[in-house]
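Reader: Before I rely on the labels attached to a model, I would like to hear the reasoning behind them. Could we take them in turn?

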Amino acid sequence: MESIMQEGKFCYLCGRTDGLEKHHVFFGYPGRRLSDENGLWVWLCYECHRTGKHSAHLDKDTNRNLKEDGQRAFELTHTRKEFMDIFGRNWL
């Protein structure tokens, strides 16, 4: 499924267009699969994804902000209950 969080292929956090990787907002098991099935993923450059001080996998605030953004995007077409039934938690 395409991302429901962004249109176009650029880093969701910094706007770069090179070295992009797909970041699943909810990762691990079963988060990665659920993110794919529901379009809750974004493009991130390598630094914003993995290695930077504020990268999605190293900075808890960045991670949480992406989860909040994902839930907001999901709730544009679904209910909060549907989100919580799938992902088990309210991030907002």
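Author: This is a predicted model. A good place to begin is R89, whose charged end sits over the ring of W91, 3.7 Å from the ring centre.

Reader: What makes you say that K67 lies over the face of W91?

Author: The cut-off for a charge over a ring is 6 Å from the ring centre, together with an angle within 35 degrees of the ring normal. K67 is placed at 5.6 Å from the centre of the W91 ring and is listed as lying over its face.

Reader: What else is W91 linked to through ring pairs?

Author: Ring pairs join W91 into a cluster with F26, F74, F83 and F87. By the rule for aromatic pairs, the count comes to seven.

Reader: Why is the pair of F74 and F87 called edge-to-face?

Author: Two values decide the matter, since a pair of aromatic rings is described by the distance of the centres and the angle of the planes. For F74 and F87 the centres are 6.4 Å apart and the planes stand at 90°; pairing requires centres within 6.5 Å and edge-to-face requires over 60 degrees, so both conditions are met. The pair links distant parts of the chain, with F74 in helix α3 and F87 in helix α4 (residues 80-87), 13 residues apart. Both F74 and F87 are buried.

Reader: Why is Q71 called buried?

Author: The relative accessible area of Q71 is 0%, and buried means under 20%, so the label follows. Q71 is found in helix α3 (residues 60-74), and, leaving aside neighbours within four places in sequence, Q71 is in contact with R80, F83, R89, N90, W91 and L92.

Reader: What does the side chain of Q71 reach at 3.5 Å?

Author: The side chain of Q71 reaches the backbone nitrogen of L92 at that distance, and a polar contact is a pair of N or O atoms within 3.5 Å.

Reader: How do you know that C11 is in no disulfide?

Author: A disulfide is a covalent bond between the sulfur atoms of two cysteines. The rule asks for sulfur atoms within 2.5 Å, and by this rule the count comes to zero disulfides. For C11 the nearest cysteine sulfur, that of C14, is 3.6 Å away, and C14 is likewise in no disulfide, with the sulfur of C11 as its nearest.

Reader: Why are C11 and C14 given separate labels for accessibility?

Author: C11 has a relative accessibility of 1% and therefore counts as buried, whereas C14, at 43%, falls between the limits of 20% and 50% and so counts as partly exposed.

Notes. Residues numbered from 1 in each chain as written. Predicted model: local features only at pLDDT ≥ 70, side-chain atom pairs only at ≥ 80, totals over all residues. Heavy atoms only, no water. Buried < 20%, exposed > 50% of the residue type's maximum accessible area, 1.4 Å probe, protein only. Helix = DSSP H or I, 4+ residues; strand = E, 2+ residues; numbered from the N terminus. Polar contact = N/O pair within 3.5 Å; in protein donor to acceptor, adjacent residues only side chain to side chain. Contact = heavy atoms within 4.5 Å. Phe/Tyr/Trp six-rings, centres within 6.5 Å; stacked < 30°, edge-to-face > 60°.
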